[in-house]
Amino acid sequence: IYNGAGGAQVAGNRQVGIERARDAASRANGAGAPRGVRIYLDVEPQWRPSAEFFLGWWEGMLNSGYASMGGVYANPDLSNLFRPYFAALRQL
């Protein structure tokens, strides 16, 4: 679980999502995590992530060598997480 992003970062744009995914992959690599494992992004309930951030996170994870688009670990506030998450999915 990657907890290197904060509320302001997950509210950011696509480039911020890509940068956070790269940081997550770098940290996983530094910790010895094998390629092919899925990295989950920690999202706190009070944060307001953007659809653009999720698109960047997925893009960065797909290019990282780790499993798929990564995942999201959260105890979500429905409107704060699911609305931007599904808005991003509709753009794929």
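1. At the start of helix α2 (residues 14-30), a side-chain oxygen of N13 comes to within 3.1 Å of the backbone nitrogen of Q15. Helices here are DSSP runs of H or I with at least four residues, strands are runs of E with at least two, and both are numbered from the N terminus. The model is predicted, so local features need pLDDT of at least 70 and side-chain atom pairs count only at pLDDT 80 or more, while totals for chains, interfaces and linings use all residues. Residues are numbered from 1 along each chain as its sequence is written, and side-chain values use heavy atoms, with hydrogens and water left out.

2. The 17 residues of α2 should span 24 Å at 1.5 Å a residue (1.5 Å times one less than the number of residues), and this agrees with its end C-alpha atoms, which are 24 Å apart.

3. Among the buried residues of α2 (under 20% relative accessible area, 1.4 Å probe, protein chains only) are G17, I18, A21 and A25. The buried residues of this helix pack against α1 (7-10) and α3.

4. Just after α2, G32 takes a positive phi of about 85 degrees, and this glycine lies in the loop between α2 and β1. G32 is exposed (over 50%), with a relative accessible area of 54%.

5. Strands β1 (residues 40-43) and β2 (residues 71-74) run parallel and are joined by four bridges, where pairing requires that DSSP finds at least two bridges between two strands. One of the bridge partnerships links V43 to A74 in β2. Together with helix α3 (residues 51-62), β1 and β2 make a right-handed β-α-β unit.

Note on methods: A crossover is right-handed if, with the strands pointing away from the viewer, the path from the first strand over the helix to the second runs clockwise. Contact means heavy atoms within 4.5 Å. A polar contact is a pair of N or O atoms within 3.5 Å; within protein, one must be able to donate a hydrogen and the other to accept it, and residues adjacent in sequence count only if both atoms are side-chain atoms.
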